[in-house]
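Reader: Can you teach me how to read a model like this one?
Author: Sure, let's have it on screen and go feature by feature.

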Amino acid sequence: MSVHRKIQTKRVTTNTLLAMKEVGEKISMLTAYDYSLAKIVDAAGVDVILVGDSASNVMAGHETTLPITLDQMIYHASSVVKAVKRALVVVDLPFGSYQGDSKKALSSAVQIMKESGGHAIKMEGGKEIKDSIERVLSAGVPVMGHLGLTPQSIYKFGTYAVRAKKRDEAEQLLKDAKMLEKTGCFGIVLEKIPAELGKKVAELVSIPVIGIGGGGHVDGQVLVLHDMLGITVDFSPRFLRRYLNLFEDIKGAVGSYIEDVKSGDFPNEKEQY
Ligand code: KIV
């Protein structure tokens, strides 16, 4: 067990995350979209697994997160849930399943919780989705907010550049964070904003703030698993730390296998019946 772990728990809940913020223990969060990798990530002891709609990019090869459907999110989430023993599993509500219609938001959230077994959902946006957040929360479904760069609105932004550098946008983000806390969200993801603003948000609200490009003064960090493992190679934002170079490693291993098959080296005497 890591020396950095202060809160001991068999199963991470939203309350565990609040307690971690209170004692100043940083929260680790990573994405996963399938059974096998979720099993490894959970065994390593990550606190939160996000079944992110980034599955649209890294699993399905879409350019944006917009095309992924509710049924596809449920498929990914139910595979993850089967593997996980300790982490809290948060599932993204996909684009079009909650914006502008709080009844639809509730029915999408309930479908995810019933059919995937996930523990909480995440929604992108601030005041414009307040009604949807409130209705989902009223059904007892834990909600995580997501502010700053919200990829489901990429065609509104027109760019993946750092958000909230200007004063008016930063002020609105602070108001939205306060609203998310007041409404009853259990946490907030802050994506690609100035570190100083990330610090202000983490100080402003009592709920955990998890950054991805939100600086080092927030309550935890999240990365896309395929990015930090170096499976994706064409995406290198400043906030990304790569811990492995799996694209090259896997390519090398597959290359060796091909060579062994072609040369007749595989299978050898011990590898056959
Ligand atoms: O879908 C996702 O992976 C996310 C993270 C970028 C936080 O929302």
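Reader: How far is an oxygen atom of the ligand from an N or O atom in the side chain of Lys122?
Author: First, a caution: the model is predicted, so local features need pLDDT of at least 70 and side-chain atom pairs 80 or more, while totals for chains, interfaces and linings use all residues. Residues count from 1 along each chain as its sequence is written, and side-chain values use heavy atoms, without hydrogens or water. For Lys122 the distance is 2.9 Å, which fits a polar contact (a pair of N or O atoms within 3.5 Å). An N or O atom in the Asp92 side chain is 3.1 Å from a ligand oxygen, and for a polar side-chain atom of Ser54 it's 2.5 Å.

Reader: How much of the ligand does the protein bury?
Author: The protein buries 96% of the 260 Å² that the ligand exposes when taken alone (areas by Shrake-Rupley, 1.4 Å probe).

Reader: Which residues are around the ligand?
Author: Look for a heavy atom within 4 Å. Among them are Thr31, Leu50, Asp53, His146 and Glu191.

Reader: Where does the ligand sit?
Author: Rolling a water-sized probe over the atoms shows where empty space is left. Here the ligand takes up the largest pocket (more than half of its atoms lie within 2 Å of the grid points). A pocket is an open set of points on a 1 Å grid over the protein atoms alone, where a 1.4 Å probe fits, with protein on both sides within 12 Å along at least five of seven lines; lining residues have an atom within 4 Å of a point. This pocket holds about 950 Å³, the space filled by probe spheres set on the points. It has 37 lining residues, and those closest to its centre are Tyr160, Glu191, Asp227, Phe235 and Phe239.

Reader: Which backbone spots should I check?
Author: Most peptide bonds are trans, and most non-glycine residues have a negative phi. Yet a cis bond joins Phe266 and Pro267, with omega about 0°. Ala164, not a glycine, has a positive phi of about 55°.

Note on methods
Polar contact = N/O pair within 3.5 Å; in protein donor to acceptor, adjacent residues only side chain to side chain.
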